[in-house]
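Here is a short report on one sheet and the helices around it. Have the sequence and the 3D view open as you read.

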Amino acid sequence: LALCDEFERQGIDPRKTDLRVGIHGAEPWTQAMREEIEARTGIDAMEVYGLSELVGPGVSGECIETKDGPMVFEDYFYPEIIDPETGEVLPDGEQGELVFTTLTKEAQPIIRYRTRDLSRLLPPTARSFRRHEKITGRTDDMMIIRGVNVFPSQIEVEILKQPALSPHYQIELARDGRMDAIAVVVEARPELAGQGEAAMTREAAALTHSIKSFIGVSAKVRVVPVDGVERSMGKAVRIKDLRGKS
């Protein structure tokens, strides 16, 4: 999406390039974000999953026919889902932490590597190997806000429900007395930014209500102009922890 922004800034229509298929990795994304990428670029956007400790990209990947979650290359990797608290192996279909064992690596075999990624194992569809669900979050980026477990992907879902807001956002964690609090900083799309401060305030109020209604936490929302959220050179930085900082 950042590439699309730059295409458009230079007067280039992303849909008129020679790109036909995109294989996307490095961080979780929602179905709504996939749909936006496909709408803006005209490509088939698929997911690839991997870890540098195992082999890099290519531990699993989606099939273009179905786009229903990455298929695990089970001839090279043995997947498990465990309870992240107890380590107990969970049956297929239950959500937990994704664990991999390499089956063919010789120089650096990996035994039951804990990815910290939350997912579930699913039956095959387009191919014969099992799939895993799109990564919904991580055991180590889960925020507990006044007793409610919150993942950035949940916030992203609510942002993308509002057409006037862009998918560029950050979540700020702060301390409110003895309790943790969150603020969501999200960019307006150009058409909203052109309508002025009052329009952005209305969108902020709508997102505040949506987060409270569907996730169950109160968040302070700030809608900022285009390019108001810093772009990262690698993985998007979704959470800024400001607790304990002056």
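## The sheet and its helices

S13 and strand S14 (residues 179-188) pair in the antiparallel sense over 9 bridges. Strands pair if DSSP finds at least two bridges between them. Helices (H or I, at least four residues) and strands (E, at least two) are DSSP runs, numbered from the N terminus. In S14, Met179 is the bridge partner of Asp176.

This is a predicted model: local features need pLDDT of at least 70, side-chain atom pairs count only at pLDDT 80 or more, and totals for chains, interfaces and linings use all residues. Residues are numbered from 1 along each chain as its sequence is written, and side-chain values use heavy atoms, with hydrogens and water left out.

The open sheet has 4 strands in the order S15-S14-S13-S16, with mixed pairing. Each edge strand has a single partner strand, so one side of each is left without a neighbour in the sheet.

| Edge strand | Residues |
|---|---|
| S15 | 219-224 |
| S16 | 239-241 |

H3 lies across S13, S14 and S16. H3 runs at about 135° to S13. Axes are lines fitted to C-alpha atoms, for helices over the stretch in contact (heavy atoms within 4.5 Å). Angles run from 0 to 180 degrees between N-to-C directions.

H3 also packs with helix H5 (residues 197-214) at about 130°, with axes 10 Å apart. Ile155, Glu158 and Ile159 in H3 meet Leu207, Ser210, Ile211 and Phe214 in H5.
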